[in-house]
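Reader: Could you zoom in on one part for me, the charged side chains, and then walk outward from there? Keep it informal, but give me your cut-offs.

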Amino acid sequence: MHTEPAHESPKSSITSPQHQTSGGKSAGPPLGENTASAGEAALARGQVTANGRMGRVSGVRIAGTGSFVPENIVTNEDLAALGCDSEWIVRRTGIRQRRHAASDEATSDMCYAASMRCLENAEVAASEVDLVLVATITPDHQTPSTASQLQGRLGISAPAMDLGVACSGFTYALVTAAQFIAAGNAKNVLVVGADLMTRTIDPDDKKTYPLFGDAAGAVLVTPTAVDRGGNADRADDAPPAEEENAAADGLLSYQLGSEGICGEMLCVPAGGSRQSLTPDAYAAGDHYMKMDGRNVFKWAVRVVDESAKDVLTHAGVAPDELALLILHQANQRIIDSAVAGLKVDPAKVFVNLDKYGNTSAASIPLALDEAVRGGRVQRDDLILMSGFGAGLAWGTLLLRW
């Protein structure tokens, strides 16, 4: 997503809060009001509210993380030859460098490298993975899916599918993985967020091209014991957990939402069924992403603040209880705004935007893996994650580690 800030108040976004829906009217009372037990049960199963689909999924955990970034470091000074202003980039976004993939690297290559590191860290063999989910908008090909290519390269027998939700893709995929596990249809789900964004941005667009980088991040999602006393994972024949304990682990709350009516604000016009990639379209640069940066910025500031507060309210968690806040790494000013609105200690906010730029679906798992490797995540920590971008779509979730 673009990251140019606006002078107007975030509340002046082109879409008002009452229009934040997932395709349906509110199915229950606003968050924060007293609800009957039946209403709480509905939210636990998943329910469309005024601000998106809310839900929670217990009995899941992240067993391992991994990431990959290309070797080629491109600094702001390196982009000066293109006419990009290094200080403008830092002042407006906080980005100082990013990674660019080599000409022979594709998205699936990054996915594979991140996945192998994730499985090694989780101490799980690839043969034990029974579902592969890849969040990406830069697949190797229109078909087959990148997930299928990754599954084949891993040499495993498992269903595989892509989720194309751009910068919020990883959170969508993580919720999807949790649902498969909760339904008893998977035990080891490999979730990868990966995008090779430098192939989708016009290098002549001096305000947009410097913002993006290439990367992949992966997590392994598995069932977990609900006993938070440090016991081993629940055996297959273990009795169901008590309801009060079940709410203590996994995804304590999530919100997925979309404002598709604003989709053209972040769009690649050509290359799909709406507009073929003809020679004229190619000459016009319609195969590159087009962005209404100012309005997307205003929308992002609003939706991050509102969805984060909704998720915390739904989970009954205060902001000061968070151990870590990981937002999509799009713009330092958006991150700063969210921190101010939530009144979260800035020391709890993980930022690596300055090193990698906007890596779309990879940004959250890349940051999470770096935080884990840096010792920033401990057992029982509450972690809030929020992705937002093209769609326009967002996904915010609260996870107990």
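Author: Let's start with Glu 306, which counts as buried at 10% relative accessibility (buried is under 20% relative accessible area, exposed over 50%, partly exposed in between, with a 1.4 Å probe and protein chains only). Bear in mind that this is a predicted model, where local features need pLDDT of at least 70, side-chain atom pairs count only at pLDDT 80 or more, and totals for chains, interfaces and linings use all residues. Residues are numbered from 1 along each chain as its sequence is written, and side-chain values use heavy atoms, leaving out hydrogens and water.

The partner of Glu 306 is Arg 302: their side chains meet in a salt bridge at 3.5 Å, N to O (a side-chain nitrogen of Lys or Arg within 4 Å of a carboxyl oxygen of Asp or Glu). Arg 302 is buried too, with a relative accessible area of 3%. The two residues sit four apart in helix α8, residues 293–315, so about one helical turn separates them. Helices here are DSSP runs of H or I with at least four residues, strands are runs of E with at least two, and both are numbered from the N terminus.

Helix α8 holds another such pair, Lys 309 and Asp 305, again four residues apart and about one turn of the helix. Their closest N and O atoms are 3.2 Å apart. Here Lys 309 is partly exposed at 36%, while Asp 305 counts as buried at 18%.

For a bridge between two helices, look at Asp 109 and Arg 153, whose closest N and O atoms are 2.8 Å apart. Asp 109 belongs to helix α3 (107–122) and Arg 153 to helix α4 (146–154), so this salt bridge ties together parts that are 44 residues apart in sequence. Both ends are partly exposed: Asp 109 at 26%, Arg 153 at 46%. Over the whole structure, the search finds five salt bridges.

Moving outward, the protein chain has 11 helices and 15 strands, and 55% of its 401 residues count as buried. One part to look at is an open sheet of six strands, in the order β1-β2-β10-β15-β14-β13, with mixed pairing (two strands pair if DSSP finds at least two bridges between them). Its edges are β1 (47–49) and β13 (324–327), each pairing on one side only. Ignoring direction, neighbouring strands in this sheet are turned by 15° against each other on average.

Inside the sheet, β10 (250–258) and β15 (393–400) run antiparallel and are joined by eight bridges. One of the residues involved is Ser 253, whose bridge partner in β15 is Leu 398. Helix α5 (169–182) packs on the sheet, touching β2 (52–57), β10, β14 (382–389) and β15, and its direction makes about 130° with that of β10. Helix α9 (332–342) also packs on the sheet, where it touches β13 and β14, at about 140° to the direction of β13. Those angles run from 0 to 180 degrees between N-to-C directions, using lines fitted to C-alpha atoms, for helices over the stretch in contact; contact means heavy atoms within 4.5 Å.

Last stop, the cysteines. The disulfide count is zero, a disulfide being a pair of cysteine sulfur atoms within 2.5 Å. Cys 118 is buried at 0%, and Cys 167 is buried at 5%.
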